[in-house]
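The exercises that follow are meant to be worked with the sequence and the coordinates open side by side. Each one sets a task and then goes through a solution step by step.

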Amino acid sequence: MNLHDVNTGIKKNKKSLRLGRGKGTGQGKTAGRGHKGYGSRSGSSMNVSFEGGQMPLFRRIPKRGFNNPLADRVASINLGKIDAFFEDGEVVSPATLKEKGLIKFRYDVLKILGDGELTKKVKIQAHRCSKSAAEKIAASGSELELLPGKAPVVKFQKKVKA
């Protein structure tokens, strides 16, 4: 292929086929619908997954797992990463994490996890925090501020009648 051949044969405004307009057009008589059957009738349309009555692929393969589209997307970051990328006195917030490229996707909730050690005194702003992370943050003398918006998950307890 040569560079001058790239655009040959490309029609920008291709005319639609005029079906059922006589033998000379090549699309006369049955108009490309074949003879008889469901496909030849008006209003016929097949489901994309229809395989002619055979068990469809999506029903033949096993189903695994669960996906909840309504659940919050949680971005998590470990204390070890915070210790590596932030200096003393800095603020660790969703905005600063995005600036430094530590979180690169859209999320609803930011959660701090306790993997690694925190040796620097920083101010951490997040929506959620694990128990081990909260203990390590307090031990290092850092400050933890839980952001509003998406509230932390609270497990409901049954009410006991007195």
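For the first exercise, a nonpolar patch is made of residues with over 30% relative accessible area and no salt bridge, whose nonpolar side chains are joined within 5 Å. The model is a predicted one.

**Exercise 1. The nonpolar surface patch**

Task: Determine which residues form a nonpolar patch on the surface, and how much accessible area they have together.

Solution: The patch consists of Met1, Leu3 and Val6, and the accessible area of these residues together is about 420 Å². To place one of them, take valine 6, which is found in the segment before α1, the helix of residues 57-60. Valine 6 has a relative accessible area of 40% and is therefore partly exposed, a value that satisfies the patch criterion of over 30%.

**Exercise 2. The order of the sheet**

Task: Work out the strand order of the open sheet and the sense of its pairing, and then explain why one side of β2 and of β6 is left without a neighbour.

Solution: The sheet is open and has three strands, which run in the order β2-β4-β6 with parallel pairing. Because β2 (91-92) and β6 (143-146) stand at the edges, each has a single partner strand, and one side of each is left without a neighbour in the sheet.

The next step is to examine each pairing in turn. Between β2 and β4 (residues 123-126) there are two bridges in the parallel sense, and here valine 91 stands opposite lysine 123 of β4. Between β4 and β6 the parallel pairing extends over four bridges, with leucine 144 in β6 as the bridge partner of isoleucine 124. As background, the strands of a sheet pair through backbone hydrogen bonds, in either a parallel or an antiparallel sense.

**Exercise 3. Salt bridges and their exposure**

Task: Taking a side-chain nitrogen of Lys or Arg within 4 Å of a carboxyl oxygen of Asp or Glu as the criterion, state how many salt bridges the count comes to, and analyse the examples that involve arginine 60, arginine 106 and glutamate 117.

Solution: By this rule the count is six salt bridges. One of them joins arginine 60 to glutamate 51, with the closest N and O atoms 2.7 Å apart; arginine 60 is partly exposed at 46% relative accessibility, and glutamate 51 is likewise partly exposed, at 29%.

In another, the side chains of arginine 106 and aspartate 108 meet at 3.1 Å, N to O. Arginine 106 is exposed, with a relative accessible area of 54%, whereas aspartate 108 counts as partly exposed at 24%.

A further salt bridge links glutamate 117 with lysine 136, where the closest N and O atoms are 3.8 Å apart. Since glutamate 117 lies in the loop between β3 (109-113) and β4, while lysine 136 lies in helix α4 (residues 131-140), the pair ties together parts that are 19 residues apart in sequence. Glutamate 117 is exposed at 52% relative accessible area, and lysine 136 is partly exposed at 26%.

**Exercise 4. A separation along the chain**

Task: Find what distance separates the C-alpha atoms of lysine 15 and serine 130, and decide whether lysine 15 is buried or exposed.

Solution: Lysine 15 and serine 130 are 115 residues apart along the chain, and their C-alpha atoms are separated by 63 Å. Lysine 15 is located in the segment before α1, and its relative accessible area of 77% makes lysine 15 exposed.

Terms used. Residues numbered from 1 in each chain as written. Predicted model: local features only at pLDDT ≥ 70, side-chain atom pairs only at ≥ 80, totals over all residues. Heavy atoms only, no water. Pairing = 2+ DSSP bridges. Patch = residues over 30% accessible without salt bridge, like charges linked within 9 Å, V, L, I, M, F, W, Y side chains within 5 Å. Areas by Shrake-Rupley, 256 points an atom, 1.4 Å probe, with all protein chains shown as cover. Buried < 20%, exposed > 50% of the residue type's maximum accessible area, 1.4 Å probe, protein only.
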